[in-house]
Amino acid sequence: MDLARCPQVPAATAAVLEEDAARYWDLFYQRNAGKFFKDRHYLDREFPLLLTAPCILELGCGVGNTLFPLAAANTQARLYACDFAPAAIRVLKQHPLYGGRVTAHVADITKGPLAPAVPEGQVSAATLFFVLSALSPETMPRALENLKPSLAPGGRVLVRDYARGDLAQSRLSEPGRVQRLADDFYVRWDGTRAFYFTQEGMRSLFKGAGFVCESLSCQSRHVENRKKGLAMHRLFIQGVFRLPEPGEARQPFVDNRTSALEGVVNDSTPGEGHGQTDSAGACAVQGTPRPQPLQAWSWGGFEVQTPAGHDASAAQALGDLAALLAPGLAGQTVLEWSAGETIGLAALCALRHCRSAIAAASSQACLPSLRANTKSNSHRVVIERLRLHALESSAGDGQLEAVWRAHPSGLDLMLLHLDDASHLLFTLHLMSKLLKAGTGRAWLVVRPGLLERVEAGMVDWPHLQQCVGGTPGVAAIEECRHVRVLEVRKN
């Protein structure tokens, strides 16, 4: 795939992402605290210098996944750390090893030097682990220039970051994705960003800031998820750069992307951290044109189109319901299905929190509009965690079994919408099959006029139990959207 030809995020949106970069990472740590990244215990193997360095600075420390393994491995070092996400620093300071020789503060390395929080000229080793990639290419040289006053003469900068050709970049570049900000630079669903380096690009970046390259390589890792039967090919850039001693010839600092990042932008060689995703979904497939005329509307930050005259209240109610249940969706797989026009709002909303989601249309004819709506919002969520399917009442259980085979770990939650009496039996059958197979809960949004027929139909399914009430906020959804919301569980 020609990555440079992927659709690009509008300039106005990119400017907002740049201005709010710290806020998006702060929101990331507010959501995940210390539960996302694993501690990095490979440091003694990859960077043995850290075991003997007397003064260490970690830039972009997050919640301490590098800092505290370092403190345990090097018991004599003075350790400084900073991050531009206040939420991360708050979590870090609660660690039992924090204090004494380990201090951290909030700082943005692109805005200026770190003194007085970090003494000038004292740091013998600084780490940039998956930090530069979170910055825009224009600010990377500035970050390195602001780091230099903290380094002792001959001080070293240890780097590990994403390489061009990494699996995460391939997913962000799939057809239909609009997440490319610039060459090798992308925005994720949560507003955080990632840059993918080449070796020559990384070398040029540090050379432009006056550093000497001591080592630089591309590290390839094959990561297996045995539970899901997935093999992931990850690529990382790893290097050590030294600030020259007094008297050594230094390369002048050049603060422009064309020279300092020439290799990053133009090099064509292929190329842990933020970017763990499931395999690419069906929504990346090019869809057929949607029928006209269409009406455009927005909900919860998502922009969608539906046929003119379509009553979207039930779809919005499903989205409201997904938002209401969001705090409990972490690690779950969610299915959305509508008897009629499937918009995908609930699945998109759930993707902000859940492990994976399925948006299922009631017919093949509804798939193109569903695909178009999910594609148009692909830059707002981790869209590779979404799958599109058709579940037609006329197709028997074949399609349902295909969905089940595609998601062997099972479903945790169903969000269903019924506005057509002709789909009543199939809706109940769908709930029955999935609940019997292990799905935890089902929520059904129905038109008030269909409520009696739904409740009567449930008599034929004695293992289903209607649970009305008990979830704060449901009544508000019903009143606002003029629908009824039923929770259904297995007896």
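How far is the sulfur of Cys349 from the closest cysteine sulfur, and in which residue does that closest sulfur lie? In this predicted model, the closest cysteine sulfur to that of Cys349 belongs to Cys354, and the 9.2 Å between them is too far for a bond. A disulfide is a covalent bond between the sulfur atoms of two cysteines. With a cut-off of 2.5 Å between sulfur atoms, the count of disulfides comes to zero. Cys349 itself counts as buried, because its relative accessibility is 5%. Cys55 is likewise assigned to the buried class, at 8% relative accessibility.

Cys55 leads conveniently into strand E1, which spans residues 55-59. Five of the five residues of E1 are buried, so the strand is largely enclosed by the rest of the structure. The side chains are divided between two directions: Cys55, Leu57 and Leu59 point one way, while Ile56 and Glu58 point the other way, and all are buried. Just ahead of the strand, Pro54 sits in the loop that links helix H3 (43-46) to E1. Pro54 counts as exposed, because its relative accessibility is 57%. A contact distant in sequence can also be noted here: the C-alpha atoms of Pro54 and Val123 are 8.0 Å apart, although 69 residues separate the two in sequence.

E1 has two parallel pairings to consider. With E2, the strand runs parallel and is joined by five bridges. Within this pairing, Ile56 has Leu79 of E2 as its bridge partner. The chain reaches E2 from E1 by way of helix H4 (residues 67-73), in a right-handed β-α-β crossover. With E4, E1 pairs in the parallel sense over four bridges, and Glu58 is found opposite Thr127 of E4. Strand E2 also holds Tyr80, which counts as buried because its relative accessibility is 10%. Tyr80 and Val118 lie 38 residues apart in sequence, with 6.8 Å between their C-alpha atoms.

The pairing continues from E4 to E5. Strand E4 (residues 123-129) runs parallel to E5, and six bridges join the two. Ala126 stands opposite Val157 of E5 in this arrangement. Together with helix H6 (residues 140-147), E4 and E5 form a β-α-β unit that is right-handed. Strand E5, covering residues 151-162, is mostly covered, with ten of its twelve residues buried.

Attention can now turn to the spaces within the model. Rolling a probe the size of a water molecule over the atoms shows where empty space is left. The largest cavity contains about 380 Å³ of space. Its lining comprises 27 residues, of which Tyr29, Gly60, Asp83, Phe130 and Val131 are the closest to the centre. Helix H2 and strand E2 (78-83) each contribute at least two residues to this lining. By class, the lining of the largest cavity has 16 nonpolar, six polar and five charged residues.

The second largest pocket has a volume of about 390 Å³. Of its 15 lining residues, Tyr24, Trp189, Asp190, Gly191 and Arg380 come closest to the centre. Helix H1 (11-19) and helix H2 (21-32) are the elements that give two or more residues to the lining of this pocket. Six nonpolar, four polar and five charged residues make up the lining of the second largest pocket. Helix H2 thus appears in the lining of the second largest pocket as well as in that of the largest cavity.

How values were computed: Residues are numbered from 1 along each chain as its sequence is written. This is a predicted model: local features need pLDDT of at least 70, side-chain atom pairs count only at pLDDT 80 or more; totals for chains, interfaces and linings use all residues. Side-chain values use heavy atoms; hydrogens and water are left out. On a 1 Å grid over the protein atoms alone, a cavity is a set of points where a 1.4 Å probe fits but cannot get out, and a pocket is an open set with protein on both sides within 12 Å along at least five of seven lines; lining residues have an atom within 4 Å of a point. Grid points are joined across faces, edges and corners, and a volume is the space filled by probe spheres set on the points. Ala, Val, Leu, Ile, Met, Phe, Trp, Tyr, Cys and Pro count as nonpolar, Asp, Glu, Lys and Arg as charged, and the others, Gly among them, as polar. Buried means under 20% relative accessible area, exposed over 50%, partly exposed in between (1.4 Å probe, protein chains only). Two strands pair if DSSP finds at least two bridges between them. A crossover is right-handed if, with the strands pointing away from the viewer, the path from the first strand over the helix to the second runs clockwise.
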